[in-house]
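Please open your viewer and set it to a plain cartoon. We will begin with the whole chain and then select one helix.

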Amino acid sequence: RFPQAQPLWETLLNVQLRRADYRALGDILARAKAAGVSSPEFAIYEGIHSAEVDSEPKPSKLFGEFPERFDHALGKWRVRHFLKVGEISEAVELIDREFQRDQTAELWAYAATAWRLAGDPRSDWLDGDERLVNVTDLTYDLPPLDRLAETLRRLHVAKGEYLDQSVRGGTQTDGPLLSRIDPVIRQLRSGIVGAVERYREQLPPVDEAHPLLRQRRDRRTRFSGSWSVRLRSGGHHSNHVHPLGWISSALYIALPDEVPGEGHAGWLELGAPPPELGTGLPPASFIQPHPGQLVLLPSWMWHGTIPFPAGERLTVAFDVAQPR
């Protein structure tokens, strides 16, 4: 109804970007221009489309001359593109430059991938210490798991997945779960805070250059997000990172029965980049979940789950905010 409304075109582009439907960006941009609509912001979406679709090493729409704001916005997409087309040394060099202006979880995740592919010794420095991933049984610090499960199930009212989230084949609760005043949730929160404090105490020494280890450890635990995920038969989490966190998590409340011969079905996998990058890197490790088990890991570490054939997989997840 409003083909000349520039904000509507930009909103549509942003929705498709959040859906990770990168090919759709090119069609939308063509339709907008055919309707006589232009915007400086279109250059960012053109660059992202080029990063995800073009196969040449340095497509002009991604590596052209841009104002600083646009150039910054396209930095991580250039790194992704180099990884996708196999230009690993170029990706490593670009990451070193981008770190001068970008210290986000996403860039650290791409660095982990590029350094691992290149055999760079920084790979082991970044995520090689086994203390960065902690697995603990939290059962005795939690409410009875069946009671907690029923409380969480009542909160799963959504009909499908949110945009730009990792859930595939399930639902995620809305709002900050650990801020609820329900006594069951408050006991859950208390158990989690204790586990986070113990995790911080066992971390390697402070390292001012390291994205996890450089943070202070004498501040109270704050959460930048908390939620529950309920996966149905065949559900899984795509490989992802948590850009708003310092420490991320998976707490298992209810799990489907194990199926003999199904390998790693339903397991947590760590260190494997999204398959659309085409790197061929396998997971660095797998973790078999158990009810009451809490996994804590750096927020920039790639993680996802293997689909499971049948049943329910009910979890709590949260991001610990960077200390003030």
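Here is the tour, from the overall fold to a single helix.

This is a predicted model, in which local features need pLDDT of at least 70, side-chain atom pairs count only at pLDDT 80 or more, and totals for chains, interfaces and linings use all residues. Residues are numbered from 1 along each chain as its sequence is written, and side-chain values use heavy atoms, leaving out hydrogens and water.

**Select everything.** You should find eleven helices and nine strands; these are DSSP runs (helices H or I, at least four residues; strands E, at least two), numbered from the N terminus. The C-alpha trace spans about 60 × 50 × 45 Å along its principal axes. Color by burial next: 49% of the 324 residues are buried, meaning under 20% relative accessible area with a 1.4 Å probe, protein chains only.

**Select residues 105-118.** This is helix α8, with 14 residues and a reach of 20 Å from first C-alpha to last, close to the 20 Å expected at 1.5 Å a residue (the expected span is 1.5 Å times one less than the number of residues). Ten of its 14 residues are buried, so α8 is largely enclosed by the rest of the structure. Show the side chains of the buried set, including Leu107, Trp108, Tyr110 and Trp115.

**Add the neighbors.** What do the buried residues of α8 pack against? Select α6 (75-84), α7 (88-98) and α9 (122-127) to see these partners; contact here means heavy atoms within 4.5 Å.

**Finish at Gly119.** This residue follows α8 and has a positive phi, near 70°.

Conventions
Buried means under 20% relative accessible area, exposed over 50%, partly exposed in between (1.4 Å probe, protein chains only).
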